[in-house]
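I opened this notebook to record what I looked up in the structure, entry by entry. The entries follow the order in which I made them.

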Amino acid sequence: MTSHTVSAAASGTWVLGDLTVNRLGFGAMRLTGSAAFHDGTPSDRGRAIAVLRRAVELGVDHIDTAAFYFSRLRSANELINSALAPYADDLVISTKVGPVRDASGGWPEPARPDELRGQVEENLRQLGRDHLDVVNLRLMGQDSISEHFGALSELRDAGLVRHLGISNARPEHLVQAEAIAPVVCVQNRYGLDSPDRTGMLRSCAARGIAFVPFFSIAGEGREAGAVHDEHDEVRAVARAHGASPAQVRLAWILGQGEHVLVIPGTGNPDHLADNVAAGALRLTQDDFQLLDSIGRSAP
């Protein structure tokens, strides 16, 4: 399928609180290098900036990032700032707090509730903004998130944050968060070979909350990228539509509900155009039945 002229608007829209976004967005994690964080080869700065600007040209108006997205030479937030500031009024930037990375790339203990303001302020500084559109609390195995989410709710009341979400969460976390402040999105791992075993996809649909999968293309490759051998079912659907396997994966996820957003990330301009074009790919019922069989057989 033709990719270079398809707009992200073809994916449809969703409302995050009071912010309308195209359902096909962009994840910034892979801007910093050939693999996430300190792994792989650092990215070419000019190319990364060009990818961000091209994403916006292609209708992407929802970018997911975090201050802990950095490699030896690159910071995703700094790249976004350099490429896109001053920001368009309709550009929504979503970030995450909770995990802590030190300058050497290590992962100490997650932030305490009283440390979250510093993380929010660091994102503000790096992005060059006076408020953050959406802040997701990225969970690191906690059973209770009430204190952490309460601290973010206070920052929302203070005007530093506009909307709140949670990431890597279970249904009980959503209940805890909603008892404190409105939740506009949940970011969880999900894809063709990563089933939603907790029912969060359906819980979000029932509540009118955006469900935003991560590793939607990478699958088991996770931070390292898509290293798996592609499923025969995906290849068959891709051939039938003249599409790429990545486009099929994204189209399948978008087909799981109008409340589902996708944030595929890349530092490659060709992959970017390919991903955006997935918003226009309409799978048939037979396609969904074939692809659904992958999830049923996933471990």
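**Entry 1. Backbone outliers.** I began with Phe 215, which I located in the loop between strand S9 (210-214) and helix H7 (232-241). The model is a predicted one. I noted that Phe 215 is not a glycine, although its phi is positive, at about 60 degrees. Is Phe 215 buried or exposed? I found a relative accessibility of 12%, so Phe 215 counts as buried, the cut-off being under 20%.

I then turned to Asn 168, a residue other than glycine whose phi is positive, near 60 degrees. I placed Asn 168 in the loop between S7 and helix H5 (171-178). With 35% relative accessibility, Asn 168 counts as partly exposed.

I also checked the peptide bonds and recorded a cis bond joining Ala 85 and Pro 86, with omega about -5 degrees. Pro 86 sits in the loop between helix H2 (76-84) and strand S5 (92-97).

**Entry 2. Helix H8.** How many of the 10 residues of H8 are buried? I recorded 9 of the 10 in this helix (residues 245-254), so H8 is largely enclosed by the rest of the structure. The buried residues include Arg 249, Gln 247 and Trp 252.

I next examined how H8 packs against helix H9 (residues 269-277): the angle is about 40 degrees and the axes are 8 Å apart. I noted the crossing of H8 and H9 as right-handed. On the H8 side, the contact is made by Ala 246, Gln 247 and Leu 250; on the H9 side, by Asp 274, Asn 275 and Ala 277. Sorted by class, I entered 3 nonpolar, 2 polar and 1 charged residues for this contact.

**Entry 3. Nonpolar cores.** I looked up the largest nonpolar core and found 82 residues in it. Ile 80, Val 120, Leu 152, Ile 166 and Leu 291 have the most contacts inside this core. Which element gives the largest share of this core? I recorded H8, with 7 residues.

I followed Leu 291 further, leaving aside its neighbours within four places in sequence. Its contacts include Val 248 and Trp 252, along with Leu 192, Val 237 and Leu 283. Glu 233 and Val 234 are also in contact with Leu 291. I then noted a second, separate core of 12 residues, with Trp 14, Leu 19, Val 92 and Leu 261 among them.

**Entry 4. Salt bridges.** I counted 15 salt bridges. I examined the one between the side chains of Asp 18 and Arg 162, at 3.2 Å from N to O. Asp 18 belongs to the loop between strand S1 (13-16) and strand S2 (19-22) and Arg 162 to strand S7 (residues 161-167), so this pair ties together parts that are 144 residues apart in sequence. Both partners are partly exposed, Asp 18 at 48% relative accessibility and Arg 162 at 36%.

I set beside it the pair of Arg 125 and Glu 122, whose closest N and O atoms are 2.7 Å apart. Both residues lie in helix H3 (residues 116-127), 3 residues apart, about one turn of the helix. Arg 125 is exposed at 57%, whereas Glu 122 is partly exposed at 27%.

For Arg 156 and Asp 157 I recorded a closest N and O separation of 4.0 Å. Here Arg 156 is partly exposed, at 28%, and Asp 157 is exposed, at 61%. My last note concerns Arg 112, Asp 114 and Glu 115, which a network of salt bridges links.

Notes
Residues numbered from 1 in each chain as written. Predicted model: local features only at pLDDT ≥ 70, side-chain atom pairs only at ≥ 80, totals over all residues. Heavy atoms only, no water. Buried < 20%, exposed > 50% of the residue type's maximum accessible area, 1.4 Å probe, protein only. Helix = DSSP H or I, 4+ residues; strand = E, 2+ residues; numbered from the N terminus. Core = buried A, V, L, I, M, F, W, Y, C linked by side-chain atoms within 4.5 Å. Contact = heavy atoms within 4.5 Å. Axes fitted to C-alpha atoms, helices over the stretch in contact; angles between N-to-C directions. Left-handed = near helix turned anticlockwise from the far one by under 90°. Nonpolar A, V, L, I, M, F, W, Y, C, P; charged D, E, K, R; others polar.
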